[in-house]
Amino acid sequence: MHSVSQTLAGCRILSVALNLPGPAALMRLAAMGAACTKLEQPSANGNITTSDPMGQYAPHAYRELHAGIDILHADLKTAEGQQQAQAVLAQTDVLLTSMRPAALVRLGWDWASLHAQFPQLNMVQIVGATGARSNEAGHDLTYQAEAGLVTSLQMPASLMADMAGALMASEAVLQALLLRQRSGQGQVLEVGLLEAAQWLGIPRRWGMTTPDGVTGGAHAGYRIYACQDGRVAIAALEPHFAQRLWEQVSPDSAVPAMDHPSTQQAIAAFCASHSCTQLNALAAQYDLPLVTMAD
């Protein structure tokens, strides 16, 4: 990812967060100009250079996430590894973690211990769920499921809890730095992946994206339709977009109720009679919000 700003130039971040949320947050922070280091346990497998599970099940993703990130190998369960990490912590502005709080306590890396030793250090803790549930086991799929984002036997299209959690973690880094600037003391903030998924699920809780919701399929102008050689996502939600769409579907008639089944049937028939190329041309000519997807 190319740097888009130098907002965090001069800020030093150390991460001990594995898998996706922590590295994804670190990638964003590096793009903002922060000097980012990731501490990993030495790999127990001599054929593998990283102990991060993602480096093993998705090495291409691991490489992209860690481009421009300094990798430090240290075993925090040994005195030598702790000494190595402590030297880095002394020069660190923000520590990013994704271990369960109980594991941090066992390492002596809980907030009380670190804050006593490094009062200027900020800490952002990525956990599965905040508060009393912070030591529970979980993963993106379980967080999405609890947040109501898993609606069938189909797997979710993306790791939305992890990626939303990464956004919240990078936001928390900015919050911690601002709070330290005001108070002169390091801050600790907790980011829950479940809460990140719940944030993404708010429109569904409102009923907007359920099947009978306006952006869940009830509005005929805001749906996915089959076309001659693929699919088309149409987002003609506002009245002026709906009118432009209907002028292509049925030029000689007034715009009908967009929640009526016959309106949906007419748009479906129109899309089925056009190719992706034709629909893209109409979108460009009439300023229609649509995207075609070839099968």
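A cavity is a set of grid points where a 1.4 Å probe fits but cannot get out. In this predicted model, the structure holds one cavity of 30 Å³ or more, and the space within the largest cavity comes to about 50 Å³. Its lining consists of Ile234, Leu245, Gln248, Phe270, Cys271, Leu279, Leu282, Leu288 and Leu290. Two or more of the lining residues are contributed by each of the elements H12, helix H13 (261–272) and H14. When the residues around the largest cavity are sorted by class, eight are nonpolar and one is polar, while no charged residues are found in the lining.

The largest pocket, by comparison, encloses about 450 Å³ of space. Its lining is made up of 21 residues, and those nearest the centre of the pocket are Asn19, Ser98, Met99, Gly138 and His139. Strand E5 (122–127) and helix H7 (140–146) are the elements that give two or more residues to this lining. By class, the residues that line the largest pocket comprise 11 nonpolar, six polar and four charged ones.

Asn19, one of the residues nearest the centre of the largest pocket, also deserves attention for its backbone. Most residues other than glycine have a negative phi. Asn19, however, has a positive phi of about 60° although it is not a glycine, and it is placed in the loop between strand E1 (12–15) and helix H1 (21–31). A positive phi, near 55°, is likewise found at Asp287, a residue of the loop between H14 and E9.

Asp287 also takes part in a salt bridge, in which the closest N and O atoms of this residue and Arg244 are 2.9 Å apart. This pair links distant parts of the chain, since Asp287 belongs to the loop between helix H14 (276–286) and strand E9 (290–294), whereas Arg244 belongs to helix H12 (residues 239–249), 43 residues apart. Asp287 counts as partly exposed because its relative accessibility of 49% falls between the limits of 20% for buried and 50% for exposed residues. Arg244 counts as partly exposed for a corresponding reason, because its relative accessibility is 26%.

In total, seven salt bridges are counted in the model. Another of these joins Asp93 to Arg180, with 3.0 Å between the closest N and O atoms. Here too the pair links distant parts of the chain, with Asp93 in the loop between helix H4 (79–89) and strand E4 (94–97) and Arg180 in helix H8, 87 residues apart. Both Asp93 and Arg180 are buried, and salt bridges with shared partners join these two residues and Arg12 into one network. A further salt bridge connects the side chains of Glu40 and Lys38, with an N to O distance of 2.7 Å; Glu40 and Lys38 are both buried.

On the surface, a nonpolar patch is formed by Met160, Trp199 and Leu200, which together have about 300 Å² of accessible area. Met160 is found in helix H8 (residues 160–183), the helix that also holds Arg180. Met160 is classed as partly exposed because its relative accessible area is 32%, and this value is also over the 30% that residues of a patch must exceed.

Note on methods
Residues are numbered from 1 along each chain as its sequence is written. This is a predicted model: local features need pLDDT of at least 70, side-chain atom pairs count only at pLDDT 80 or more; totals for chains, interfaces and linings use all residues. Side-chain values use heavy atoms; hydrogens and water are left out. Patches are made of residues with over 30% relative accessible area and no salt bridge: like charges are joined within 9 Å, nonpolar side chains (Val, Leu, Ile, Met, Phe, Trp, Tyr) within 5 Å. Accessible areas come from the Shrake-Rupley method with a 1.4 Å probe; for residues, only the protein chains shown count as cover. A salt bridge is a side-chain nitrogen of Lys or Arg within 4 Å of a carboxyl oxygen of Asp or Glu. Helices (H or I, at least four residues) and strands (E, at least two) are DSSP runs, numbered from the N terminus. Buried means under 20% relative accessible area, exposed over 50%, partly exposed in between (1.4 Å probe, protein chains only). On a 1 Å grid over the protein atoms alone, a cavity is a set of points where a 1.4 Å probe fits but cannot get out, and a pocket is an open set with protein on both sides within 12 Å along at least five of seven lines; lining residues have an atom within 4 Å of a point. Grid points are joined across faces, edges and corners, and a volume is the space filled by probe spheres set on the points. Ala, Val, Leu, Ile, Met, Phe, Trp, Tyr, Cys and Pro count as nonpolar, Asp, Glu, Lys and Arg as charged, and the others, Gly among them, as polar.
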